[in-house]
Amino acid sequence: MISDFLGKPADLNLKQSKIESDRFGISVARMSVSIDCLATDLEIVRVCNESSADLLILRFPSSRTQLARELAGISNKIAFQADTLVYFSKDLRSIVERRSTSENWKLVTATSKDESSVIDLARVVFRDYPNHYQSNRALSSKLILDGYVEWASKGLNDPEKSTVIIEDQNSNAIAFALVTFGEEGAEIELNGVHPDFQNQGVYSSLLELLMVKLASQNVEKLFISTQIQNTKVIKAWIKAGFTLDFSLNTFHLVSRQSV
Ligand SMILES: CC(C)(COP(=O)(O)OP(=O)(O)OC[C@H]1O[C@@H](n2cnc3c(N)ncnc32)[C@H](O)[C@@H]1OP(=O)(O)O)[C@@H](O)C(=O)NCCC(=O)NCCS
């Protein structure tokens, strides 16, 4: 989440991740190093070194160019880079409603009645989605996909978040986005288009309609992130006027005792 990386200069907080521990059947911990974090690389390494988790998922700004080498020196863990995440954002204050790019699709706010549609969409959209979990051969692809589906389902039922769906002319859900709200603005946590409807401009319409909706709710900024190799979605954001804010490295630190 964007709030993990902005405006928390003093925080170096290693947390157990119950949801991931339960899913993968190993102890999983997480640590997110914010952009303005004051801790030195060696302090970060010390905290990682003391973690007893089977898997520690560490995210830190890519600008910490020396940290990877220091992590490789932790003797009781295997450390490897699992992905690079890029964060983009767009100022929504100047958004004005324009005629939609397509008459064929409409944006609706999903409710709990749409749960099966959202789950079905998440399952096909994220089936082969490259992410940091996929870089770790010890984690099952099925459980990884189950995690995305659970994320979409929990998000739909979370009153502090909002899920929108793009429906086609027959009211079939063909794309969705899960949006969360915070001090910094809104963030798209998950989004995607059904494979049968890709390359037809559905995603560009989703972005356009969602930005108009959020602007009308006085949301000033919209954030989104993805893995750097996901060029298709990044191109769509650039076309929609988003700009690059920062990038993060995701490392997996695997306890040598657990392998
Ligand atoms: C990435 C993703 C959301 C894009 O969705 P999409 O609906 O295919 O996107 P669009 O159709 O708007 O744009 C895709 C391409 O189709 C082109 N296109 C748009 N309208 C078109 C049309 N009518 N006919 C042909 N091509 C068209 C676009 O120009 C774009 O081409 P480009 O990549 O060369 O610029 C989709 O591939 C997806 O769900 N991927 C898996 C999950 C994922 O990556 N989610 C994002 C995580 S952050």
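A residue counts as exposed here if 12 or fewer other C-beta atoms lie within 10 Å of its own. Keep that cut-off in mind for a residue we will meet straight away, in what is a predicted model.

That residue is S171, and it sits in the loop between β6 (161-167) and β7 (173-182). Is S171 buried or exposed? It has 10 other C-beta atoms within 10 Å, so S171 is exposed. Its backbone deserves a look too: the phi of S171 is near 65 degrees, a positive value in a residue other than glycine.

A second residue invites the same kind of inspection. N199 is not a glycine, yet its phi is positive, at about 65 degrees. You will find N199 in the loop between β8 and α6. With 9 C-beta neighbours inside 10 Å, N199 counts as exposed.

Now let us step back to the whole chain. The protein has seven helices and ten strands. Its radius of gyration is 19 Å, close to the 18 Å that the globule rule gives for 259 residues, so the protein is as compact as a globular protein of that length. Along the principal axes, the C-alpha trace spans about 60 × 35 × 30 Å. Of the 259 residues, 32% count as buried. If you are curious about contact order, consider the contacts with a separation of 6 or more: 76% of them join residues 24 or more positions apart.

Next comes the interior. The largest nonpolar core has 61 residues, and L56, F176 and L206 touch the most other members. Helix α6 gives the largest share of this core, eight residues. Where does the core lie with respect to the domains? Domain 1 (2-86 + 248-258) and domain 2 (90-246) both give residues to it, so the core lies between them. To see one of its well-connected members up close, select F176: leaving aside residues up to four places away in sequence, it touches A110, V118, L121, T163, V164, I165, N191 and G192.

G192 also leads us to the ligand. There, 18 residues surround the ligand, and the closest are G192, Q198, G201, Y203 and S204. The elements that give two or more residues to this shell are β8 (185-193), α6 (202-216) and α7 (231-239). Which element gives the largest share of the shell? That is α7, with four residues. By class, the shell around the ligand has seven nonpolar, nine polar and two charged residues.

Definitions and conventions:
Residues are numbered from 1 along each chain as its sequence is written. This is a predicted model: local features need pLDDT of at least 70, side-chain atom pairs count only at pLDDT 80 or more; totals for chains, interfaces and linings use all residues. A residue is near a molecule or strand if its C-beta atom, placed from the backbone, lies within 6 Å of it. Ala, Val, Leu, Ile, Met, Phe, Trp, Tyr, Cys and Pro count as nonpolar, Asp, Glu, Lys and Arg as charged, and the others, Gly among them, as polar. The radius of gyration is taken over C-alpha atoms; the globule rule is 2.2 Å times the number of residues to the power 0.38. A residue is buried if 20 or more other C-beta atoms lie within 10 Å of its own, exposed if 12 or fewer, and partly exposed in between; C-beta atoms are placed from the backbone. Two residues are in contact if their C-beta atoms, placed from the backbone, lie within 7 Å. A nonpolar core is a set of buried Ala, Val, Leu, Ile, Met, Phe, Trp, Tyr and Cys residues joined through C-beta atoms within 7 Å. Domain bounds come from an automatic or database domain assignment.
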